[in-house]
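Got your viewer open? Let's take a short walk through this structure, one selection at a time.

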Amino acid sequence: MSIPKTVPPSTATVPDMDALWMPFTANRQFKAEPRLLVSAEGMHYTTHDGRRVLDGAAGLWCVNAGHGRRRIVEAVAAQVAELDYAPGFQMGHPKAFELASRLIELTGDRMGQVFYTNSGSESVDTALKIAIAYHRARGEGTRTRLIGRERGYHGVGFGGISVGGIGNNRKFFGPLLNGVDHLPHTHDLAHNAFSRGQPAWGAHLADELERIVALHDASTIAAVIVEPVAGSTGVLLPPQGYLQRLREICDKHGILLIFDEVITGFGRLGTPFACDRFDVTPDLITAAKGLTNGTVPMGAVFTRPGIYEAFMQGPEHVIELFHGYTYSGHPLACAAALATLDIYAEEGLLTRGSELAAYWEEAVHGLAGLPHVIDVRNLGLIGAIELAPLPGQPTVRAYRVFNECYRRGVMVRFTGDTIALSPPLIIEKSHIDELVGTLGEVLRDLA
Ligand SMILES: Cc1ncc(COP(=O)(O)O)c(C=O)c1O
């Protein structure tokens, strides 16, 4: 098969942009000063004006094995030629089953089954639905209430924004789901600023779940969903002991615990999943992003042993779960995921974050003390630099830093007034120096 080795950098000028309504983007600002990416290889993007930009964000926290991986390219190309599509309802194809077995193995058999989706948002809504249906299948149909957390990000479906806790993601969209409550978030700079790794203060905030249980009664609560490490809301780390406490309280009251591992899955914390890092086993895990190295949209919901079995009742000709997507387990996504898992295994990428964590921590904490920096946080290969907002103009300072970094050849993310770093797991120390060095220069220069 002949696949060009690298995509030639485009010499294209900026296209007409009017027809595209861009997601989570300040459309007018972007179109006035576009940032277009035309190719990618390894740790770098190439921009439409021919510049190389170091990827400090793994795209959107998804390109964990770096860009342009030949093995994935070839697997997807071969797959589209061999079997381009197979229905997933009442039909199957071998790679979907092979991948499921590989994924379960990767959880160290903490989990029993995998349900495929096409994105993190779909994984979240799927997990919430499975949780409610699970209780009903066991004769506890009153357990329908869902508990999320303030500042949580669980994608953009109605389920996800209902349990999510980011005001702007919720307030434009009406009454959302009924029967949802929220835990308090755990971010408190008065106690935890400049912590290295997990902050010491805040495990007691998990006890708020007891108050919510007392208010609504456990018999009405289906599940609690949290991100073990929250990314899109500004990189919020779990206080030491917090997740363990949540697990204990959920167990005590028969509530399912869902870990949204859309960003923490596949090596981000130096372990395959966050549940490995924290040694807390949830009942369901939502995943996406790094599953296919960001190449083909795919998500997955993992369920703990016993959940699937609870549905396998009644006449065998009856569908057990009335849920699924046309593209659940798409052959191209499965091929991409299998090739991705091969790369992760062969290159040890799912634990590489642990090896680099100390160097990474030193590097990002070296930014403490620079102008406007009010916190630095890190865990695994995640870093966050929180900036004091410009008075009356939240997010503007962080946007300027992001934009200037991009101009100087480094791509970071910003959310609120926090700069978030989550590079591909193939990153070398020299890249870390460049990434953090450029960010430091920008922070100094914009002071
Ligand atoms: C924790 C978490 N859940 C869900 C999502 C939504 O994923 P997607 O954008 O693939 O729908 C994200 C995306 O960043 C995420 O970080």
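**Stop one: around the ligand**

Start by selecting the shell around the ligand and colouring it by class: you should get 5 nonpolar, 7 polar and 2 charged residues. Keep in mind that you're looking at a predicted model. In total, 14 residues surround the ligand. Now label the closest ones, which are Ser119, Gly120, Ser121, Gly155 and Val262.

Which helix gives the largest share of that shell? Helix 5, residues 120-137, with 3 residues.

**Stop two: along helix 5**

Select helix 5 next and run a distance from its first C-alpha to its last: the 18 residues reach 25 Å, close to the 26 Å expected at 1.5 Å a residue. Is helix 5 mostly covered or mostly exposed? Turn on the surroundings and you'll see that helix 5 is mostly covered, with 15 of its 18 residues buried. Then step just past the end of helix 5 to Gly139, where phi is positive, at about 85°.

**Stop three: over to a sheet**

Now show strands 1, 2, 3 and 13. These 4 strands form an open sheet in the order 1-2-3-13, and the pairing is mixed. Strand 1 (37-41) and strand 13 (410-411) are the edges; each has a single partner strand, so one side of each has no neighbour in the sheet.

Finish by zooming in on strand 1 and its pairing with strand 2 (residues 44-47): the two run in the antiparallel sense, over 4 bridges. To see a facing pair, pick Leu37 and look across to Thr47 in strand 2, which stands opposite.

Definitions and conventions:
Residues are numbered from 1 along each chain as its sequence is written. This is a predicted model: local features need pLDDT of at least 70, side-chain atom pairs count only at pLDDT 80 or more; totals for chains, interfaces and linings use all residues. A residue is near a molecule or strand if its C-beta atom, placed from the backbone, lies within 6 Å of it. Ala, Val, Leu, Ile, Met, Phe, Trp, Tyr, Cys and Pro count as nonpolar, Asp, Glu, Lys and Arg as charged, and the others, Gly among them, as polar. The expected span of a helix is 1.5 Å times one less than its number of residues. A residue is buried if 20 or more other C-beta atoms lie within 10 Å of its own, exposed if 12 or fewer, and partly exposed in between; C-beta atoms are placed from the backbone. Two strands pair if DSSP finds at least two bridges between them.
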